[in-house]
Amino acid sequence: MQQKLIIDTDPGIDDAMAIHYAFAHPGLEVLGLTTIFGNVFVPQATRNALLLSEQAYYCVDVAEGAAQPLVQSLNPPSHHVHGAEGFGDVSVKQPYGMQVEISAADYIVKKCRQHSGEVILCPVGPLTNIAAALKADPDLINHVQKVVIMGGAVWSPGNVSAYAEANIWNDPHAADKVFAADWDIDLIGLDVTQKISCDDADFAHLRKAAPDIGGFLHEISAFYIKYYYSIFQKHVCLMHDPSALVAITDELLFGFKETPLSVVCEGEAVGQTMPDERSSRRPVRVAVSADVQKVKSCFLDICATADKMKRNRMASHAGS
Ligand code: BDR
Ligand code: CA
């Protein structure tokens, strides 16, 4: 049985890597991509999600989400990390398809109720759509299998400030509502994702194995690696969003520590994910360690099959 999944995303270079991993993984069935501002503006995120699904010939709903955070004003998109259109220097065209007509929040509620208990929600962007879905239907907590979030920096420093990780910083009020809800959350944040990286040789290898989709990932990785070189003076990029997907398919590669969490919503530390042992909130499973080499191999091995999986989908479509 495949694991049903909704990915809430702001594609974004590492989002694209995560989405192609999910599309190529035989154990996953991606029902929908719901889109959010963050790395790009939300109309760009929607366009990019449609382009990725068309590139992989993967039949998936795309539902557009919030254009801005719940309370604070919109931070500028991370063009310096992901490029002006979200895929580094790679030019983007218009997709053939269209998003579905309901909002991301309504889509999440509808699909999780339709497949009650079977859907993992995997947000890899700011948590605005997830908070909006909870507001629209507080009973959502009883229909979602679990929530696996890329975000936060609980015991490690942030990446947009000394305290905060980008996804949480972009909508701290939404994140706090998501951590307050009584449901199972795995948090794959900077505590582990800062240790998981790939370099140009990894992506060049991927291109050889899968010239179409691996080739695209190789191309977009160049901009991302350039950005990380400006930070760490090393020719690598951090695999934030793909790590959250690997934590779904290969959970045992990660070590977790449980703690209730709240989010700082204003001041210098805005966006900080704070452990609060005395809180009555349900503890979050925070990833604190990972078998870094194996996580990386999982990502590369699955993405190496992306073209083959695409051909299979095309053949079964032609035969039906
Ligand atoms: C997160 O922020 C975004 O730039 C990435 O796509 C990832 O989801 C890392 O902090
Ligand atoms: Ca992201």
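## The calcium site

In this predicted model, the calcium ion (ligand 2) is coordinated at 2.3 to 2.7 Å by D10 (OD), D15 (OD), D15 (OD), V124 (O) and D241 (OD). Along the sequence, these donor residues follow the spacing D-x4-D-x108-V-x116-D. Distant parts of the chain are linked here: D10 lies in the loop between strand 1 (3-9) and helix 1 (13-24), while V124, 114 residues apart from D10, lies in the loop between strand 4 (119-123) and helix 5 (128-136).

Are D10 and V124 buried or exposed? A residue is called buried when its relative accessibility is under 20%. D10 has 1% relative accessibility, so D10 counts as buried. V124 has 2%, so V124 is buried too.

## Helix 11

Helix 11 covers residues 240-249, and 9 of its 10 residues are buried. Among the buried residues is D241, which is also one of the calcium donors. The other buried residues of helix 11 are H240, P242, S243, A244, L245, V246, A247 and I248.

## Around D182

D182 is found in the loop between helix 7 (172-180) and strand 6 (185-188). Its relative accessibility is 45%, so D182 counts as partly exposed.

Which residues does D182 touch, leaving aside its neighbours within four places in sequence? They are I141 and R282. With R282 there is a polar contact between the two side chains, at 2.8 Å. P138 and D182 are 44 residues apart in sequence, and their C-alpha atoms are 9.9 Å apart in space.

Key
Residues numbered from 1 in each chain as written. Chains lettered and ligands numbered in written order. Predicted model: local features only at pLDDT ≥ 70, side-chain atom pairs only at ≥ 80, totals over all residues. Heavy atoms only, no water. Donors = N, O, S within 2.8 Å, 3.2 Å for Na, K, Ca; no water. Helix = DSSP H or I, 4+ residues; strand = E, 2+ residues; numbered from the N terminus. Buried < 20%, exposed > 50% of the residue type's maximum accessible area, 1.4 Å probe, protein only. Contact = heavy atoms within 4.5 Å. Polar contact = N/O pair within 3.5 Å; in protein donor to acceptor, adjacent residues only side chain to side chain.
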